[in-house]
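Work through the exercises below with the model open. Try each task before reading its solution.

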Amino acid sequence: MGNKVNVKKVVLAYSGGLDTSVIIPWLKENYDGCEVIAVCADLGQGSEIDVVYDKALKSGASKCFIEDLSAEFLENYVWPTLRAGAVYEGKYLLGTSFARPVIAKRLVEIARQEGADAVAHGATGKGNDQVRFELTVKALAPDLTIIAPWREWEIRSRTDAIEFAKKHNIPISTENKKYSMDRNIWHLSHEGSDLEDPWNAPQNEMYLVSKAPEDAPDTAEFIEIAFEKGNPVAVNGKKMGSVELLTTLNEIGAKNGIGITDICENRLVGMKSRGVYENPGGAILYYAHRELEYLTLDRATLHYKEGVAIRFAELVYDGMWFSQLREALQAFVDDTQKSVTGTVRLKLYKGNIMSAGAKSPYSLYSKEFVTFEEDNVYDQNDGTGFINLFGLPLKVRALMQEKAGK
């Protein structure tokens, strides 16, 4: 392959899986024996992180940083997206999309701290993640070289990677997972295998977080979620930090079969891919946040914000977290959230989320104005003039058509 740039020290986004373990010796071979520093971001993916440190060093890394970024991930990436109400293509809650910029940002910070001149990642040339990693690096450290082995090396399959690992004495897991998965505290995604045919329904045994709805309890569960300025702050009256709050909602949602999403989505790189996502806590939070906005935002703001949410979701999906437009839209979103404070009650039952009440000190709902009973605040005769003016363009057009003989 030969080296293309003069790289002495590389910071690698490291997961401990086969691909990123193989990347360590590959970098050293192809970039003149450069030093490789592994960085593993703990975003709440669970026990799979336990073996990472030793594995990185055995694979040839000079150092391995394990960074707990769960709270930063939720408070600086997930909550802002939740406040925006941003959902990609109406279904996907962006679990992988906004995890990449938080990881890449930490890569850049450690590259600066360690005096590295390059960063590397294990994303393939077919997916969205290569874009998300690299756009973040370009936005935060345009001088750093970016190395994407999947776009350079001769390895083309899992079998090739295993052969390379054996040749270089890299410890590998014998477990051959059926699906390609990405997990963090917000979600678990599944791609590949039988899911590559969109006609195949997901198999219940695939679910590792949520119960299948038919296996959920036969009794509904009621929960209350409190928000302050659009951020979730309490569950069932108990104030919690971000990690505890989402962990609690994940447990409650998973037990009730909540948050399973099946979507054939449009990747940024031009192809459609089929993914099944488990998002129990996220699904609950999005539903609850929306309920509170129904109560506290006026019509024009709510409707305009719906359009902003679509664009915001596209930016996050496309890896443009650190773009000027995302930051500008965030400023608009956060201004709308000043009054999104209150409590929402939900009913959870076998995969369904149902509204069960909402209250806010900033509620724009007025029983006095909307009541079907007698009131002293609304003159129904005002409706005549309003309709005459609001409908005037329709009337003028109809008169024109009549005159023109249409």
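**Exercise 1. Classify L57 by accessibility, then place it on the surface.**

Step 1. L57 counts as partly exposed, because its relative accessibility is 32%. The classes are buried under 20% relative accessible area, exposed over 50%, and partly exposed in between, with a 1.4 Å probe and protein chains only.

Step 2. This is a predicted model: local features need pLDDT of at least 70, side-chain atom pairs count only at pLDDT 80 or more, and totals for chains, interfaces and linings use all residues. Residues are numbered from 1 along each chain as its sequence is written, and side-chain values use heavy atoms, with hydrogens and water left out.

Step 3. Helix α2, residues 52–58, holds L57. Helices (H or I, at least four residues) and strands (E, at least two) are DSSP runs, numbered from the N terminus.

Step 4. Y53, L57 and I66 make a nonpolar surface patch of about 240 Å². Patch residues have over 30% relative accessible area and no salt bridge; nonpolar side chains (Val, Leu, Ile, Met, Phe, Trp, Tyr) are joined within 5 Å, like charges within 9 Å. A salt bridge is a side-chain nitrogen of Lys or Arg within 4 Å of a carboxyl oxygen of Asp or Glu. Areas come from the Shrake-Rupley method with a 1.4 Å probe, and for residues only the protein chains shown count as cover.

**Exercise 2. Describe the largest cavity and its lining.**

Step 1. The structure holds 1 cavity of 30 Å³ or more. On a 1 Å grid over the protein atoms alone, a cavity is a set of points where a 1.4 Å probe fits but cannot get out; a pocket is an open set with protein on both sides within 12 Å along at least five of seven lines; lining residues have an atom within 4 Å of a point.

Step 2. The volume of the largest cavity is about 40 Å³. Volume here is the space filled by probe spheres set on the grid points, which are joined across faces, edges and corners.

Step 3. L107, V119, A120, H121, F133, E134, V137 and I146 line the largest cavity. Helix α5 gives the largest share, 3 residues. Both β4 (118–120) and α5 (129–140) supply at least two.

Step 4. By class, this lining has 6 nonpolar, 1 polar and 1 charged residues. Ala, Val, Leu, Ile, Met, Phe, Trp, Tyr, Cys and Pro count as nonpolar, Asp, Glu, Lys and Arg as charged, and the others, Gly among them, as polar.

**Exercise 3. Characterise the second largest pocket.**

Step 1. Its volume is about 240 Å³. Of its 14 lining residues, A84, G85, V87, R290 and A309 are the closest to the centre.

Step 2. Helices α8 (280–296) and α9 (299–317) each supply at least two lining residues.

Step 3. The lining divides into 7 nonpolar, 3 polar and 4 charged residues.

**Exercise 4. Compare the settings of L94 and K229.**

Step 1. Most residues other than glycine have a negative phi. L94 has a positive phi, near 65 degrees. For K229, phi is positive too, near 50 degrees.

Step 2. L94 sits in the loop between α3 (70–84) and α4 (99–114). K229 sits in the loop between β8 (221–228) and β9 (231–235).

Step 3. L94 is buried, at 0% relative accessible area. K229 is exposed, at 55%.

**Exercise 5. Locate L329 and a chain-distant partner.**

Step 1. L329 lies in helix α10, residues 324–336. L329 counts as buried because its relative accessibility is 15%.

Step 2. V308 is 21 residues away along the chain, with 7.1 Å between the C-alpha atoms of L329 and V308.
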